[in-house]
Amino acid sequence: MASRRAVVTGASSGIGEATVRLLRAGGWDVIAVARSTEKLKTIAEETGAEAFTADVSKQADVDALRDHVVATGGAHALVNNAGGARGLDSVEKSDVDDWIWMYEVNVLGTKRVISALLPILRAGAEQTGHADILNVTSIAGHIAYVGGSGYNAAKFAERALTEVLRLELNGEPIRVIEVAPGMVRTDFSLNRFDGDKERADAVYADVPEPLTADDIADTIVNALERPAHVDVDLIVVKPVAQAAPYRFHHGPLRVARED
C-alpha cells in the first residue's frame, strides 16, 4: 500500500481524522483536507500526512485542491467524508438556510470534489490497476426519521449521487463505495446543536457503546484494501444497540430469557 495515495476530506476531526491516522499507519500517503488549518497542522505533524486547507463548499478551494493533487503526485483513492447536520426541526419549521448549508456540504461538496478529482483518479487507476471513490453517507440517507428533515434530504441525495456514479463508471477499474454509519460518538451532535453540549450528550445517554470514529475508519480502510476486483458497494454500520435511526436500546444489553 506504500505506493497508494488517498485524499480524505473532513479530515480535521472525527471520522475523517481517524481515517487519516489509520491510512497512514497502513503505509498510505494521505492528503488531509479540511477547513481548519491549525487542526490539520497538528494531525500532519503527528502522522506524516500532508495537510491541505480547503472548504468543499467553495469551488475555488476545490479547484486549488485539484491543482495541488496533480502537482504533487496524483491520487488513487478519494474519501468524501466532509458533511454534517444542523438542527432537528420539522420540514415545516426548519430553517431553509440550514438546508442550504447541508446541501452545500453533503451533496454539492461531494459532487465538486468528485468532478475535480475523477480525472486524477483515472490516471491513478492506470498506474496501479484500480482506484476508489468512497462516500461517507449515513443511515439517515436510507431511512427517514422524525427530526431528520433537511439532513435526511441531503443524505438521501448523496446516496443517490453515489449510486448514479457507480452506474456511470461501470466498465472502468474504479470502485464506488458507500459507508453509511449509524450512531457514532464524535462532535457530530455537538455541531448539529450549535455547540449545545448538554443537548448533544443527551443523544448518547444510556445507549451502550455507541460507535467511535475509529470503528468507522476501520470500516473505510478495510473496504479500500479489498482485492482490486472486490467492490464493497454499501456498508451500513451501527452499534448493536441501534436497530434503526429512530430506535435505540437504553441500558445494558442482555440475552432475552423465556419465562
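A residue is called buried when its relative accessible area is under 20%, exposed when this is over 50%, and partly exposed in between, using a 1.4 Å probe and protein chains only. The structure discussed here is a predicted model, in which local features need pLDDT of at least 70 and side-chain atom pairs count only at pLDDT 80 or more, while totals for chains, interfaces and linings use all residues. Residues are numbered from 1 along each chain as its sequence is written, and side-chain values use heavy atoms, with hydrogens and water left out. Helices (H or I, at least four residues) and strands (E, at least two) are DSSP runs, numbered from the N terminus.

A good place to begin is helix α3, which covers residues 59-71. The helix has 13 residues, and at 1.5 Å a residue these should span 18 Å; the expected span is 1.5 Å times one less than the number of residues. The end C-alpha atoms of α3 are 18 Å apart, in agreement with that expectation. Within α3, the residues Val 62, Leu 65, His 68 and Val 69 are buried. These four cover an arc of only 120 degrees around the axis, so they sit on the same side of α3; the arc is that of the directions from the helix axis to the C-beta atoms. On the other side of the helix, Ala 60, Val 70 and Ala 71 are exposed. The cover over the buried residues of α3 includes the strands β1 (5-9), β2 (29-34) and β3 (50-53), together with helix α4. Just after α3 comes Gly 73, with a positive phi of about 125 degrees.

Helix α3 also carries a salt bridge (a side-chain nitrogen of Lys or Arg within 4 Å of a carboxyl oxygen of Asp or Glu). Here Asp 63 pairs with Arg 66, and their closest N and O atoms are 3.5 Å apart. The two residues are three places apart in α3, so about one helical turn separates them. Asp 63 is partly exposed because its relative accessible area is 24%, and Arg 66 is also partly exposed, at 29%.

In the whole structure, a search finds 13 salt bridges. Side chains of opposite charge can pair when their charged atoms come close. One of the bridges joins Arg 21 to Glu 46, with the closest N and O atoms 2.5 Å apart. This pair links distant parts of the chain, since Arg 21 belongs to helix α1 (residues 14-25) and Glu 46 to helix α2 (residues 37-47), 25 residues apart. Arg 21 has a relative accessibility of 30% and so counts as partly exposed, whereas Glu 46 is exposed, with a value of 51%.

How far apart are the closest N and O atoms of Arg 175 and Asp 132? In this salt bridge the separation is 2.5 Å. The pair again links distant parts of the chain, with Arg 175 in strand β6 (residues 174-181) and Asp 132 in strand β5 (residues 131-136), 43 residues apart. Arg 175 counts as buried because its relative accessibility is 3%, and Asp 132 is buried as well, with a relative accessible area of 0%. Salt bridges that share partners join Arg 4, Asp 132 and Arg 175 into one network.

Helix α4, part of the cover over α3, runs through residues 96-128 and contains Thr 110. At 2% relative accessibility, Thr 110 is buried. Leaving aside residues up to four places away in sequence, Thr 110 touches Asn 80, Val 105, Asn 135, Glu 158 and Leu 161, where a contact means heavy atoms within 4.5 Å. Pro 119 is found in α4 too and is partly exposed, with a relative accessible area of 48%. The C-alpha atoms of Pro 119 and Leu 134 are 16 Å apart, and the two residues are separated by 15 places along the chain.

Two residues deserve a look for their backbone angles. Most residues other than glycine have a negative phi. Ser 149, although not a glycine, has a positive phi of about 45 degrees. This serine is found in helix α5 (residues 149-168) and is buried, at 12% relative accessible area. Glu 209 also has a positive phi, near 50 degrees, in a residue other than glycine. It lies in the loop between α7 (197-204) and α8 (213-224). With a relative accessible area of 70%, Glu 209 is exposed.
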